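Subject: A structure to look through

Dear colleague,

I am passing on a structure for you to open beside this email. Please keep the sequence and the 3D view at hand while you read, and follow each residue as it comes up.

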Amino acid sequence: MTDYTHLVAAAAHAAGPCPEGQQAAWQARVRDLAVDLAFTAREVDQAMKTLDNTHPFSAYLEKVEIEPTSRRGLLTLRPPGGGIETIRTDQQDTNRGATMIARAEELVGRWVLVYRYNEPTTASRKQPGTYGNVRMVARLMDLGEGTLAFSIAKDVITADAGGDAALAARLWRDAGLPEEGMIPVADLEPVRQQARTGSGNR
């Protein structure tokens with residue numbers, strides 16, 4: 001039999017002293033709190049097991065979108081070595097998914113430490129012998145704005161311009177950004193905004 005004494009004690013502490021003549025109501029309150037704590041403990045245990053199996057890496061968080069089919073958040077990341085990596089959150093209509101999407105949206109345009117894990121696809125779970133994983137995010141930590149390598153920064157602007165390399169190059173020149181070295185993210189943001197809104201076409 002599992003010993004829940006520690007949970008009951010914590011719940012009793014949270015409930016506070018029992019008001020005189022309200023012992024039954026107080027006991028019900030303690031019981032409800034203890035059950036809530038038990039569920040929270042299980043969620044924390046599962047979250048820690050997930051984190052233990054993650055593969056952290058740093059990347060520039062370029063944008064966050066909602067995947068139409070799955071309703072998961074889709075994060076577009078650019079690691080220091082260049083290229084693009086995508087990673088997903090839980091579904092938007094779940095508490096974990098909504099919380100992670102909101103967190104990611106706060107960190108767009110910043111360097112983040114991404115805790116990634118692989119989740120088996122629905123097909124691989126249903127069909128023995130079928131393999132497939134979805135790259136998922138368990139946690140995001142803010143690493144600040146910092147800088148981007150020239151080649152990565154140009155790719156970011158081109159992506160914001162809808163792939164229009166000529167427009168991206170013109171916006172880059174108009175902003176007076178250097179053609180080599182490291183580009184401060186703060187200097188890049190006004191150009192990204194122009195590229196996204198198409199104001200550079202005017």
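Let us begin with a single residue: does T76 count as buried or exposed? Since residues under 20% relative accessible area count as buried, and T76 has 7% relative accessibility, T76 counts as buried. Please bear in mind throughout that this is a predicted model, and that the values below are computed from it.

T76 is placed in strand β2, and when its neighbours within four places in sequence are left aside, T76 is in contact with Y60, L61, E62, K63, E65, I84, E85 and T86. The loop between β1 (55-66) and β2 (72-78) holds R71, a residue other than glycine whose phi is nonetheless positive, near 65°. R71 counts as partly exposed because its relative accessibility is 40%.

It may help now to step back to the whole chain. The protein chain has 7 helices and 7 strands, and if you read along the sequence you will meet them in the pattern α-α-β-β-β-α-β-α-β-β-α-α-β-α. Of the 202 residues in the protein chain, 34% are buried, while the area that the chain exposes is about 12200 Å², with 52% of it supplied by carbon and sulfur atoms. Among the contacts with a separation of 6 or more, 56% are between residues 24 or more positions apart.

The next thing to find is the largest nonpolar core, which has 18 residues, and in which L148, W172 and L188 have the most contacts inside the core. The elements that give two or more residues to this core are α5, α6 and α7. A second, separate core has 15 residues, including F57, A59, L61 and L140.

W172 deserves a longer look. W172 counts as buried because its relative accessibility is 0%, and beyond its neighbours within four places in sequence it is in contact with F150, A153, K154, I157, L177, P178, E179, I183, L188 and V191. A search of the whole structure finds 2 aromatic pairs. One of them is formed by F150 and W172, and it is edge-to-face, with 5.6 Å centre to centre and 85° between the planes. Because F150 lies in helix α5 (residues 150-160) and W172 in helix α6 (residues 165-175), this pair ties together parts that are 22 residues apart in sequence. F150, in contrast to its buried partner, counts as partly exposed, because its relative accessibility is 22%. The ring of W172 also has the charged end of K154 sitting over it, 5.1 Å from the ring centre.

Finally, please turn to helix α7 (residues 185-197), which has 13 residues and reaches 18 Å from its first C-alpha to its last, close to the 18 Å expected at 1.5 Å a residue. Which residues are buried in α7? They are V185, L188, V191, R192 and A195. As you look at their spacing, it is useful to know that an α-helix has 3.6 residues a turn, so residues three or four places apart point the same way. Just after α7 comes G198, which takes a positive phi of about 75°.

With best wishes

Notes:
Residues are numbered from 1 along each chain as its sequence is written. This is a predicted model: local features need pLDDT of at least 70, side-chain atom pairs count only at pLDDT 80 or more; totals for chains, interfaces and linings use all residues. Side-chain values use heavy atoms; hydrogens and water are left out. Helices (H or I, at least four residues) and strands (E, at least two) are DSSP runs, numbered from the N terminus. Buried means under 20% relative accessible area, exposed over 50%, partly exposed in between (1.4 Å probe, protein chains only). Rings of Phe, Tyr and Trp (its six-membered ring) pair if their centres lie within 6.5 Å; planes under 30 degrees apart count as stacked, over 60 as edge-to-face and the rest as tilted. A charge sits over a ring if NZ of Lys or CZ of Arg is within 6 Å of the ring centre and within 35 degrees of the ring normal. Contact means heavy atoms within 4.5 Å. Accessible areas come from the Shrake-Rupley method with a 1.4 Å probe; for residues, only the protein chains shown count as cover. The expected span of a helix is 1.5 Å times one less than its number of residues. A nonpolar core is a set of buried Ala, Val, Leu, Ile, Met, Phe, Trp, Tyr and Cys residues joined through side-chain atoms within 4.5 Å.
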